[in-house]
Amino acid sequence: MDTRVIESAPGTRRWWILSAVSAAQLLVVLDGTIVNIALPSAQQALGMSDGSRLGILLAAACVAGPLIATRAAREKRQSTR
């Protein structure tokens, strides 16, 4: 058995994890940007107050974070099998 492949696997896995976390962070930032751009016109159309707008921004962030964390944990479990 070639030990070089086994020794390099943990380092390779770290880079894959880093890239997955970076991609997830990019999606969170992109989602926040889209919400911030689209929300003023939606606020005006729906007649929402500024407080309601802030609540929607917080709700979007609170939903996106746990979903990404759950997905990352599931991927980690599957990669260790």
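This note goes through the fold, surface and largest pocket of a predicted model.

1. Basis. In this predicted model, local features need pLDDT of at least 70 and side-chain atom pairs count only at pLDDT 80 or more, whereas totals for chains, interfaces and linings use all residues. Residues are numbered from 1 along each chain as its sequence is written, and side-chain values use heavy atoms, with hydrogens and water left out.

2. Fold and burial. The protein chain has two helices and zero strands, where helices (H or I, at least four residues) and strands (E, at least two) are DSSP runs numbered from the N terminus. Of its 81 residues, 6% are buried, buried being under 20% relative accessible area, exposed over 50% and partly exposed in between (1.4 Å probe, protein chains only).

3. Surface. About 6,700 Å² of the protein chain is exposed, and carbon and sulfur atoms supply 67% of that area, as computed by the Shrake-Rupley method with a 1.4 Å probe. Leu-27, a residue of helix 1, is exposed, with a relative accessible area of 53%.

4. Largest pocket. The largest pocket (an open set of points on a 1 Å grid over the protein atoms alone, where a 1.4 Å probe fits, with protein on both sides within 12 Å along at least five of seven lines) has a volume of about 340 Å³, the space filled by probe spheres set on the points. Its lining, residues with an atom within 4 Å of a point, numbers 13 residues, and Ile-17, Ala-20, Val-21, Ala-72 and Glu-75 are the closest to the centre. Helix 2 gives the largest share, seven residues.
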